[in-house]
Amino acid sequence: MDRESVKSIEYLEILRLSRVKILREHGLALDVGGVKFVFDSKPIDNSIQLISHAHLDHVDTLSQMNVIMTNETSSILKSIGRRGNWTTIDYGIGLIILDDLKIFAESSGHVLGSAQFIIDTDGLRLVYTGDLNIYDSLVHEGAKPVDSDILIIESTYGEPSYRFPSREKIYANIVKWILKTVNSGQIPAFKVYSLGKSQEIIQLINAYLDIPVVVSQSVARISEKYREYGKPLEYLSINSIEGLEVLRHGECVYVSSFRDELPSRKKTRWAVATGWAIRYRYSSYDMAFPLSGHSDYDGLIKYVEESSPKQVYTIHGFAKEFSRHLVRRGIRASPL
Ligand SMILES: [Zn+2]
C-alpha cells in the first residue's frame, strides 16, 4: 500500500472516530451521534448519566432520572439511603437507546456491581472502563478486556513504579500478620473501604483462618449485599450482642471503614490495605498492605493491548504519564 492510501485510510478512521465528541467542559461527557452521555459526572442538558459503581467519589453527582447502572450498584446505593428512578441493567444484556445506539455493561472487577460501559453505534465501539481490576480476587472475578475502537480507561496506577506483588503473596502476608497479632494477645484491625476491600478481607479470613470477624455497621450493611448476590461471607456486626461480646473478649479480627476505639481491654493493631502502600509509608498504621481494587501498571497495559483500540483516552491518577507510555508503544493515546 502506498503512503497516500495509508494516509486516506487514517483520515477515514479519524472521521469515523469523530462521531464521538468529548465535551471537555463538563467532567467526562461525550456526544455519541447526537446523544449526550456523562460518565460518573454531573448531568448536562438531556444527558444520560452512566454510574460505573457505588464508591462515593463516583456518585456525588448522582441524578434521580436518566441514569443507567447495574442492579447491584442500585441495590447498594438504596441500602445507604440514595433514591432515584434509575434504569438498571444486568451484565451482558444490551439496552437499546436509539435504532443505532446500544449500550451494555460488563464487570470491571473492582467491586460488587462495578461496570465497564460499552456503547455501540454505527459499527463503532466505545468502552469506558470505570475503576478497573483485571486480576481475580477471592470475591471479584477480574475484568475481561473488551474490544474497542475508542477506549476510555482509568489510570490511577498508570505509572511503571506501581507493580503489585501477586494477590496470593499479599494474602499470605495478611494472614501471617493476623496470626502474629492474635498470638501476641492483640486485636488485628483493618481500616478499608466498606465496599470491596472489606469483603475481600472478610473472605480471606473466612477461607484461611478459624477466627471470627467483627465488622462496623457500614461494612455489615454492604456485606449483606454481597450475601444477597451470592457471596456467603461470615461476619458479626459490632451492633449485634454476639459481635460486641466477641470483640470484648478480643479473639477476633475487626474490619471497618474508619478507625475507632474498640470496646476491649486488648490493644488494637491497625492495618490499611491500598495500592499506594507500594510507594508510601503509612506511619500512623502498624501495617500497610498493597492490596488494591485497581489494576497496576502491567494490568492496565495488558488491558489496552487486548482491547486493541484505535484511540485511547486516560483518566484519573497518572493520566498524562500513562498516555505517554502508550504512545511510546505505538498506541494513539491522550489524557482527558
Ligand atoms: Zn472505586
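The following exercises, each with a worked solution, concern a predicted model.

**Exercise 1. The two domains**

Find the residues that make up domain 1 and domain 2, and describe the contact between them.

Solution. Begin with the division of the chain, in which domain 1 takes residues 3-162 + 295-335 and domain 2 takes residues 167-289. Next, take the centres over C-alpha atoms, which places domain 1 and domain 2 at a separation of 32 Å. The contact then draws on 18 residues from domain 1 and 17 residues from domain 2. Finally, sort by class the side of domain 1 that touches domain 2, and the result is 10 nonpolar, six polar and two charged residues.

**Exercise 2. The six-stranded sheet**

Work out the strand order of the open sheet of six strands, and explain why one side of strand 14 and of strand 17 is left without a neighbour in the sheet.

Solution. Read across the sheet, and the order is 14-13-15-12-16-17, with parallel pairing. Strand 14 (236-237) and strand 17 (287-289) stand at the edges and have a single partner strand each, so one side of each has no neighbour in the sheet.

The pairings can then be followed one at a time. Strand 13 (residues 213-215) pairs with strand 14 in the parallel sense over two bridges, and Val-215 has Ser-237 as its bridge partner in strand 14. Strand 13 also pairs with strand 15 in the parallel sense, over three bridges, and here the bridge partner of Val-215 is Val-255. Strand 12 (residues 187-191) in turn pairs with strand 15 over three bridges, again in the parallel sense, with Ser-256 of strand 15 as the bridge partner of Lys-191.

**Exercise 3. Side chains of strand 15**

Sort Val-253, Tyr-254, Val-255 and Ser-256 by the way they point from strand 15, and state whether they are buried or exposed.

Solution. Start from the rule that side chains in a regular strand alternate between the two faces of the sheet. In strand 15, Val-253 and Val-255 point one way, whereas Tyr-254 and Ser-256 point the other way. As for burial, all of these residues are buried.

**Exercise 4. Helix 6 and its surroundings**

Determine how the axes of helix 5 and helix 6 cross, which residues make the contact, and which strands helix 6 lies across.

Solution. The axes of helix 5 (residues 197-208) and helix 6 (residues 217-228) come within 10 Å and cross at roughly 75°. That angle falls in the range 65 to 115 degrees, which means that helix 5 is roughly perpendicular to helix 6. On the side of helix 5 the contact is made by Ser-198, Gln-199 and Ile-202, and on the side of helix 6 by Val-219, Ile-222, Ser-223 and Tyr-226. Classifying the residues of this contact gives four nonpolar, three polar and no charged. Helix 6 also lies across strand 13, strand 14 and strand 15 (253-256), and runs at about 105° to strand 13.

A further step leads from helix 6 to helix 3 (residues 71-79), in which Glu-72, Thr-73, Ser-74, Ile-76 and Leu-77 are buried. The buried residues of helix 3 pack against helix 6, and also against helix 2 (56-59), strand 5 (67-70) and strand 6 (87-89).

**Exercise 5. Three loop residues**

Classify Asp-40, Asn-66 and Ser-292 as buried, partly exposed or exposed, and locate each in its loop.

Solution. Asp-40 is found in the loop between strand 3 (35-39) and strand 4 (48-50), and its phi is near 50°, a positive value in a residue other than glycine. Because 25 other C-beta atoms lie within 10 Å, Asp-40 is buried.

Asn-66 is placed in the loop between helix 2 and strand 5, and its phi, near 55°, is likewise positive in a residue other than glycine. With 15 other C-beta atoms within 10 Å, Asn-66 is partly exposed.

Ser-292 has its place in the loop between strand 17 and helix 8 (297-307). Since there are 26 C-beta neighbours inside 10 Å, Ser-292 counts as buried. When its neighbours within four places in sequence are left aside, Ser-292 is in contact with Phe-164, Thr-274 and Gly-275.

Notes. Residues numbered from 1 in each chain as written. Predicted model: local features only at pLDDT ≥ 70, side-chain atom pairs only at ≥ 80, totals over all residues. Axes fitted to C-alpha atoms, helices over the stretch in contact; angles between N-to-C directions. Helix = DSSP H or I, 4+ residues; strand = E, 2+ residues; numbered from the N terminus. Parallel < 35°, antiparallel > 145°, perpendicular 65-115°, else oblique. Contact = placed C-beta atoms within 7 Å. Nonpolar A, V, L, I, M, F, W, Y, C, P; charged D, E, K, R; others polar. Pairing = 2+ DSSP bridges. Domains from an automatic or database assignment. Buried ≥ 20, exposed ≤ 12 C-beta atoms within 10 Å, placed from the backbone.
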